[in-house]
Protein chains: 2
Amino acid sequence: MKRIAIDMDETIADALGKHIVLYNEAFGAAIHRDHLDGTGLHGAIPLEHHAATDAMIHSGSFFADLDVIPESQSVIHDLQEKFEVFITSSAMEVPSSFADKFAWLGRHFPFIPSTHLVFCGDKSILAADYLIDDSPRHFTHFRGEGILFSAPHNRRVRGFRRVESWQDVRALFLQV
Amino acid sequence: MKRIAIDMDETIADALGKHIVLYNEAFGAAIHRDHLDGTGLHGAIPLEHHAATDAMIHSGSFFADLDVIPESQSVIHDLQEKFEVFITSSAMEVPSSFADKFAWLGRHFPFIPSTHLVFCGDKSILAADYLIDDSPRHFTHFRGEGILFSAPHNRRVRGFRRVESWQDVRALFLQV
């Protein structure tokens with residue numbers, strides 16, 4: 001059975017959506033996801049806001065109540081019939097997120113056993129056939145094929161198969 | 001550069017040692033590591049103590065102040081000159097341990113970058129050439145070679161290269 005590793009933030013969890021809301025509230029701004037063409041939130045805000053904006057992710061329970069990316073639950077549920085699925089988050093970048101991420105996964109993806117969750121840093125450690133991820137940097141030394149999940153920051157990245165949505169993932173892996 | 005994945009509990013962190021101390025304190029017992037020949041703590045204590053003994057690991061900050069297994073720091077430090085080293089703990093079995101394990105690693109193994117830490121469950125997800133671990137169950141589907149780090153519970157396990165100490169690891173991988 002082939003194995004698919006799946007990222008969390010911007011792939012199944014809408015971290016960017018919450019980050020934009022918090023940023024707009026804090027700075028009286030009106031950033032919208034569509035303003036981020038080929039860039040992350042940093043690219044659309046003044047340099048002097050970067051530190052405070054980064055701190056939003058590292059403090060409190062940022063990751064506790066993220067929205068689920070549409071259709072990710074039903075597609076991953078169906079993928080499990082034909083593939084071995086692991087959720088693989090580079091959570092080591094934000095150690096304060098461990099408990100929230102684990103609880104979030106249990107709440108929204110209860111059909112994925114905890115044996116199949118991975119909190120890591122360098123994703124080249126993953127032994128999988130595919131890695132669905134919005135960060136192409138993780139594909140560089142990954143031994144399988146990287147599938148780029150579209151996000152504003154990766155809009156101009158070339159060189160990988162790209163999926164725009166979980167409907168695309170379903171079409172790619174389940175041919176329906 | 002070949003890659004070595006290294007377990008935490010009973011390999012670099014003396015979880016059993018603390019567990020025995022807590023058990024003896026709670027039950028007025030005098031269990032010693034040498035009493036555990038081919039068994040874990042469960043095998044040496046009455047069945048009616050199992051639930052309370054298991055709970056010791058899941059509550060509070062059990063993993064915060066474990067002793068370091070002798071010589072693991074200096075040997076792993078030296079291994080990094082010739083191998084890529086990842087620390088890989090099946091921490092998903094005890095989600096309350098995430099923060100303590102991360103802090104413990106930062107305190108005792110500051111020379112291992114957080115990119116090279118992995119909290120997982122099923123270790124077949126690890127892409128590494130070697131896995132040094134006290135639990136042979138992790139070797140079943142691991143794609144590299146499992147190296148069994150001796151612990152009381154695995155004393156009678158056969159079929160893998162075994163190391164008794166970090167001196168043995170040094171001799172095996174660094175030939176000194």
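A salt bridge here is a side-chain nitrogen of Lys or Arg within 4 Å of a carboxyl oxygen of Asp or Glu. By that rule, the count between chain B and chain A is 0 salt bridges, while the structure holds 22 over all chains. One of them joins the side chains of B:E84 and B:R3, at 3.1 Å from N to O. That pair ties together distant parts of the chain, with B:E84 in strand β2 and B:R3 in strand β1 (residues 3-6), 81 residues apart.

A word on the ground rules: this is a predicted model, where local features need pLDDT of at least 70, side-chain atom pairs count only at pLDDT 80 or more, and totals for chains, interfaces and linings use all residues. Residues are numbered from 1 along each chain as its sequence is written, chains are lettered from A in the order in which they are written, and side-chain values use heavy atoms, leaving out hydrogens and water.

Now for the interface itself.

| Chain B with chain A | Value |
|---|---|
| Residues in contact (heavy atoms within 4.5 Å) | 22 residues from chain B, 22 residues from chain A |
| Buried area (accessible area, 1.4 Å probe, lost on being put together, summed over both) | about 1,900 Å² |
| Polar contacts (N or O atoms within 3.5 Å, a possible donor with an acceptor; sequence neighbours only through side-chain atoms) | 7 residue pairs, both at pLDDT 80 or more |

Carbon and sulfur atoms give 66% of that buried area. In chain B, the residues losing the most area to chain A are B:M92, B:I125 and B:A127, together 30% of what that side buries. The elements giving two or more residues to this side are β2 (84-89), α4 (98-108) and β3 (117-119) of chain B; helices (H or I, at least four residues) and strands (E, at least two) are DSSP runs.

As for symmetry, a rotation of 180° with 0.0 Å of shift along its axis puts chain B on chain A (RMSD 0.0 Å), using C-alpha atoms of residues with pLDDT of at least 70 in both. The two copies are thus related as by a two-fold rotation axis.

The predictor gives the complex an ipTM of 0.95 and a pTM of 0.96.

Notes. Buried area is the accessible area (1.4 Å probe) that two parts lose on being put together, summed over both.
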